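User: I've got this model open and want to talk it through. Can you take my questions one by one?

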Amino acid sequence: MSGTPYELIGKESGVKALAHAFYEAMDELEEAESVRNMHAANLDLIKQKLFEYLNGWLGGPHLYKDKYGTICLTEPHQPYPIGEDQRDQWVACWTLALDKVDA
C-alpha cells in the first residue's frame, strides 16, 4: 500500500469523515468533557475548519491555508488551559475517530 495519508484515508471525503468523527467523539466521550467545553455548542464551523486543515496536512489540497492564510495553531488555543488531562482527552477523541473511520 502506498500513497499519501490523504489518498489512503479516502481523499476529501475520508478527511471530512475523520474531522467529523473527531468532534462526534468529543460529544460522545464523557471523559472528554473538559475539551468539549472549550468549544461552541454548535460544532459545524470547527468541523469544517478541521477538515480544511487536515486536508492539506494529510497531503491533499491546502484548503485551510487558501481560505485563511498562514496556519498558526498556537494562537487559537492560547485562551484555554491545556494540561495533561486535556491532552489525554484530545488523544482519546482522536483514537475513537480513527477507529470510526477505520484508519
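## Walking through the model

Analyst: The chain exposes about 6800 Å², and carbon and sulfur atoms supply 53% of that area. Keep in mind that this is a predicted model.

User: What kinds of elements make up the chain, and how many are there of each?
Analyst: From the N terminus on, the elements run α-α-α-α-α-α-α. The count for the chain is therefore zero strands and seven helices.

User: How compact is the chain for its 103 residues?
Analyst: The C-alpha atoms fill a box of roughly 35 × 30 × 25 Å along the principal axes. For 103 residues the globule rule gives 13 Å, and the radius of gyration is close to that, so the chain is as compact as a globular protein of that length. The radius of gyration itself comes to 14 Å.

User: What share of contacts between residues at least 6 apart in sequence joins residues at least 24 apart?
Analyst: Here's some background on the chain: buried residues make up 31% of its 103 residues. As for the contacts between residues at least 6 apart, the share that joins residues at least 24 apart is 65%.

User: Which helix gives the most to the largest nonpolar core?
Analyst: That core has 22 residues, and those with the most contacts inside it include Phe22, Leu50 and Trp94. At least two residues come from each of α2 (11-28), α4 (44-57) and α7 (84-100). In general, nonpolar side chains tend to be buried together in soluble globular proteins. With eight residues, the top contributor to this core is α2.

User: What do the buried residues of α2 pack against?
Analyst: The buried residues of this helix are Gly14, Val15, Leu18, Ala19, Ala21, Phe22, Tyr23, Ala25 and Met26. In an α-helix there are 3.6 residues a turn, so residues three or four places apart point the same way. The partners of the buried residues of α2 are α1 (5-9), α3, α4 and α7.

User: How far does α2 reach from its first C-alpha to its last?
Analyst: α2 has 18 residues, and at 1.5 Å a residue you'd expect 26 Å. The model comes close to that, with a reach of 25 Å.

User: And α4, what covers its buried residues?
Analyst: α4 has 14 residues and reaches 20 Å, close to the 20 Å expected at 1.5 Å a residue. Its buried residues are Lys47, Leu50, Phe51, Glu52, Tyr53, Leu54, Asn55 and Gly56. The cover over them includes α1, α2, α5 (63-68) and α7.

User: Which residues does Met26 contact, leaving aside its neighbours within four places in sequence?
Analyst: Met26 is one of the residues with the most contacts inside the largest nonpolar core, as is Cys93. Beyond its sequence neighbours, Met26 is in contact with Ala32, Val35, Arg36, His39 and Cys93.

User: Is Met38 buried or exposed?
Analyst: Met38 is in the loop between α3 (33-36) and α4. Leaving aside neighbours within four places, its contacts are Tyr80, Pro81, Ile82 and Gln86. Its relative accessibility is 18%, and the cut-off is under 20%, so Met38 counts as buried.

User: How far apart are the C-alpha atoms of Met38 and Pro79?
Analyst: Along the chain, Met38 and Pro79 are 41 residues apart. In space, their C-alpha atoms are separated by 9.4 Å.

User: How many disulfides are there?
Analyst: A disulfide is a covalent bond between the sulfur atoms of two cysteines. Cys93 is buried at 0% relative accessible area, while Cys72 is partly exposed at 41%. A pair counts if its sulfur atoms are within 2.5 Å, and by this rule the number of disulfides is zero.

User: Lys11 isn't a glycine, so what is its phi?
Analyst: Most residues other than glycine have a negative phi. Lys11 lies in helix α2 and is partly exposed, at 46% relative accessibility. Its phi is positive, about 60 degrees.

User: What about the phi of Asp102?
Analyst: Asp102 is in the segment after α7 and is exposed, with a relative accessible area of 70%. It isn't a glycine either, and its phi is positive, about 55 degrees.

User: Last one: how far apart in space are Asp66 and Leu54?
Analyst: Asp66 lies in helix α5 and is exposed, at 65% relative accessible area. In sequence, Asp66 and Leu54 are twelve residues apart. C-alpha to C-alpha, the distance between Asp66 and Leu54 is 13 Å.

Notes:
Residues numbered from 1 in each chain as written. Predicted model: local features only at pLDDT ≥ 70, side-chain atom pairs only at ≥ 80, totals over all residues. Heavy atoms only, no water. Buried < 20%, exposed > 50% of the residue type's maximum accessible area, 1.4 Å probe, protein only. Core = buried A, V, L, I, M, F, W, Y, C linked by side-chain atoms within 4.5 Å. Helix = DSSP H or I, 4+ residues; strand = E, 2+ residues; numbered from the N terminus. Contact = heavy atoms within 4.5 Å. Expected span 1.5 Å × (residues − 1). Rg over C-alpha atoms; globule rule 2.2 N^0.38 Å. Areas by Shrake-Rupley, 256 points an atom, 1.4 Å probe, with all protein chains shown as cover.
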